[in-house]
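Q: Please take a close look at how side chains meet in this structure, with attention to charges and aromatic rings.

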Amino acid sequence: MMKVVQPPLIGSFFLPSLGLAVLSLIVGYWVTRKKKDNIKSELDINESPSGLENELYSMPATENPKRKKKKHVCNCGSTQASNFEKHPSRIKIMYGTLMGKSKKFAEMLLGHVAEDGMEVSAINLKECDSEDNFVGSDAKDTLFIFIVSTYAEGSPPDDAQWFYKWLEDSAFDFRVPKTLLADVRFSVFGLGNSLYSENYNVIGRNIDNWLSQLGAERYAPLGLGDENVAESLHGNIEADFDHWSEGILNLLKQPQHTTVNKSGCSKGNDCCSKKGKKKITNKFQKKKNNILEEADVTYDTDSDSDSNEPVLDLEDLGSFVRVENKAVEDSEEEEEINVENGETREMLTPQLRESLTKQGYRLIGTHSGVKLCRWTKAMLRGRGGCYKHTFYGIESHRCMETTPSLACANKCVFCWRHHSNPVGTEWRWKMDPAELILEGALEQHTKMINQFKGVPGVQPNRLVEGMSPVHCALSLVGEPIMYPEINRFLRMLHEKKISSFLVTNAQFPEAIRQLEPCTQLYVSVDASTKDSLKRIDRPLFKDFWERFLDSLRALSAKGQRTVYRLTLVKAWNVEELESYANLVKLGEPDFIEIKGVTFCGTSKASTLTMENIPWHHEVVTFGEKICTYLEGYGLAAEHEHSNCILLAKRSKFFRDGRWNTWIDYDKFHQLMLEYYLSGGKASFTSEDYMASTPDWAMFGSPEHGFDPLENRWHRKQPKKDISGC
């Protein structure tokens with residue numbers, strides 16, 4: 001029998017396996033090395049976050065001995081050859097607006113284009129028949145420029161709703177060919193506010209993306225205008241538009257034109273703002289560090305984009321990119337200088353200064369202002385004081401209305417400033433010292449009072465008294481409590497024996513807790529439910545409702561006089577009695593002011609009309625009804641002329657058969673002096689400086705809150721005045 005000999009394992013199996021393993025390692029090493037070389041090569045080319053080649057890096061190695069820190073280049077710069085043989089023969093500027101700014105920008109661009117002799121028109125999107133305009137033989141010779149704003153919660157303005165819906169339906173309807181708009185050339189400029197985070201310029205982004213999905217060709221990059229001056233790449237939304245429109249005009253002057261690559265802004269890359277620059281830089285840094293995960297820098301993706309499309313050099317794009325580069329480089333150089341010098345951006349831009357100055361504001365420093373209240377002017381003439389004169393005994397002609405912060409965290413529908421002031425959720429601007437603000441406010445206030453010297457009807461004794469203000473209403477505009485040195489500012493007021501009436505919009509609960517005593521602290525309670533507050537105040541904070549409730553809790557812990565300020569808007573918030581009552585129980589304010597909303601004239605920032613203004617008897621009825629839900633509150637005073645009533649806590653302010661809502665100002669300043677000298681240990685309460693309310697000021701009196709020592713004056717022809725406090 002033959003014996004079968006088993007071959008050795010090392011010879012028949014192990015050695016071939018070892019050979020394969022070694023070969024795999026060699027191949028793996030070669031692939032890895034090749035991949036690293038490719039990444040390194042790519043990084044050498046894409047040294048700037050935008051992924052575009054800079055002129056410095058296109059030089060021969062001998063001409064570039066020292067690599068410099070590269071500037072950010074806008075990602076809008078990627079281009080491809082145009083499918084169109086010639087420039088458009090006509091331009092249609094389509095706009096959708098809420099506050100009128102889109103229309104203003106459209107008219108500005110129309111004027112510039114018309115100067116060059118081109119056929120141009122501006123059309124409101126609500127008057128636009130989409131298929132007639134964008135589908136047909138005429139579309140190929142037309143450049144469509146869209147200038148559209150984004151409204152609260154990422155919705156289009158009323159003017160653009162029909163077009164926006166048509167475009168969205170067409171982009172996502174599988175029955176609509178993706179070449180529907182193949183004969184269309186377009187460019188989009190969006191107006192928005194980056195403080196609204198995920199909804200920032202979403203309408204402009206979507207229009208840009210959906211047009212591209214339907215085959216339209218992007219003539220120029222997507223422009224994003226940012227109302228938030230702290231994040232706007234060029235300083236403010238007007239400058240953003242100027243920069244973008246300059247690029248459009250330069251492109252129109254070029255003999256030949258290359259359009260923007262679909263792999264660029266169609267993805268919604270926010271490469272025209274600081275926020276987007278940071279995102280792109282972070283993504284580039286991750287890639288450089290061989291971290292392969294991709295940063296999220298888009299809102300929408302372009303399904304038709306082709307990553308293999310040829311990308312041209314910067315110089316091939318012409319004037320648009322040269323304008324883009326210069327603006328961005330200048331912006332970065334300015335930011336670098338500011339960082340080196342420890343400086344930050346000012347709140348008030350030149351455009352804001354111009355706008356607020358036209359409205360009668362006297363601006364102080366970089367973020368403060370003062371303005372004369374109409375009741376100050378009235379009392380100088382002996383024509384009566386404001387509701388605070390009736391409710392709390394202030395002398396209206398000696399009251400200074402100011403604010404140390406023109407910025408606000410809300411965009412209320414009834415804002416009498418028509419949203420011309422800045423907005424923000426935190427202090428990110430250059431800060432002026434409290435001394436500068438107070439000195440400037442007093443100086444400007446007294447100058448405005450002095451202008452009434454010799455004016456018919458002005459009482460000489462009151463003019464003299466008005467030159468020395470003893471009250472300060474921190475309710476002019478914005479959110480005074482945002483100012484980091486607000487406590488220092490209050491202390492300086494009190495040292496000068498000037499009382500302080502501070503109003504907050506209930507979005508900064510920690511600031512309320514840290515606030516030192518003031519004469520009277522107000523919280524604006526404009527709605528009683530989360531949905532209605534969002535609809536009326538249009539807050540910037542995502543957690544606005546939680547902040548609102550926490551602010552009311554913080555108010556309940558204050559020992560000094562506290563007030564809920566309710567603004568009634570018919571058909572908006574007057575039916576929420578029980579919900580309002582629950583909020584009162586949460587904050588337990590000393591007083592509740594209930595005031596009918598003031599009509600400030602027509603404004604595209606608000607949909608309010610005269611139908612939303614309640615009559616005085618309706619305000620009184622609301623006050624009587626809410627008292628039935630609240631134990632311990634009663635109708636204490638009214639000022640019919642201001643359409644306002646006052647509810648007060650009976651347990652505190654109703655003594656010996658009469659109300660005591662007025663303030664003993666001398667006693668208050670004495671208590672504050674003791675508080676400061678004791679380092680805050682000598683606390684006091686609202687009952688320690690209350691005073692008796694005169695009969696004429698109490699609710700139900702024949703005078704209805706009008707001081708009998710004053711002379712009631714009726715206008716023959718009512719004029720709009722939005723300077724009330």
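Over the ring of which residue does the charged end of arginine 175 sit, and how far is that charged end from the centre of the ring?

A: In this predicted model, the charged end of arginine 175 sits over the ring of phenylalanine 174, at 6.0 Å from the ring centre. A comparable arrangement involves lysine 371, whose charged end sits over the ring of tyrosine 361, 5.0 Å from its centre.

Aromatic rings also meet one another, and the structure has 29 aromatic pairs. In one of them, the ring centres of phenylalanine 684 and tyrosine 689 are 5.9 Å apart and the ring planes stand at 70°; the pair is therefore edge-to-face, because the angle is over 60 degrees. Both phenylalanine 684 and tyrosine 689 are buried. Elsewhere, ring pairs link Tyr387, Phe391, Tyr392, Phe501, Phe591 and Phe653 into a cluster.

Charged side chains also meet partners of opposite charge, and the structure holds 20 salt bridges. One of these joins glutamate 238 to lysine 101, with the closest N and O atoms 3.2 Å apart. Glutamate 238 belongs to helix 6 (residues 237-253) and lysine 101 to helix 2 (residues 101-115), so this salt bridge ties together parts that are 137 residues apart in sequence. Glutamate 238 is buried, because its relative accessible area of 16% is under 20%. Lysine 101, with a relative accessible area of 29%, is partly exposed.

Another salt bridge is formed by aspartate 208 and arginine 218, at 3.0 Å from N to O. Here aspartate 208 lies in helix 5 (residues 202-213) and arginine 218 in strand 6 (residues 217-218), so the pair ties together parts 10 residues apart in sequence. Aspartate 208 and arginine 218 are both buried.

A further salt bridge joins the side chains of glutamate 435 and arginine 488, at 2.9 Å from N to O. Glutamate 435 is in helix 13 (residues 434-450) and arginine 488 in helix 15 (residues 486-495), so parts 53 residues apart in sequence are tied together. Glutamate 435 is partly exposed, with a relative accessible area of 29%, and arginine 488 is partly exposed, with 35%. In addition, salt bridges that share partners join Glu510, Arg513, Asp550 and Arg553 into one network.

Finally, nonpolar side chains may be considered. The largest nonpolar core has 81 residues, and Val525, Phe548, Ile592 and Ile594 have the most contacts inside it. Apart from its neighbours within four places in sequence, phenylalanine 548 is in contact with Ala506, Gln507, Ser524, Val525, Ala527, Leu533 and Leu583. A second, separate core has 33 residues, among them Ala648, Tyr665, Met672 and Tyr689.

Terms used: Residues numbered from 1 in each chain as written. Predicted model: local features only at pLDDT ≥ 70, side-chain atom pairs only at ≥ 80, totals over all residues. Heavy atoms only, no water. Core = buried A, V, L, I, M, F, W, Y, C linked by side-chain atoms within 4.5 Å. Buried < 20%, exposed > 50% of the residue type's maximum accessible area, 1.4 Å probe, protein only. Contact = heavy atoms within 4.5 Å. Phe/Tyr/Trp six-rings, centres within 6.5 Å; stacked < 30°, edge-to-face > 60°. Lys NZ or Arg CZ within 6 Å of the ring centre and 35° of its normal. Salt bridge = Lys/Arg side-chain N within 4 Å of Asp/Glu carboxyl O. Helix = DSSP H or I, 4+ residues; strand = E, 2+ residues; numbered from the N terminus.
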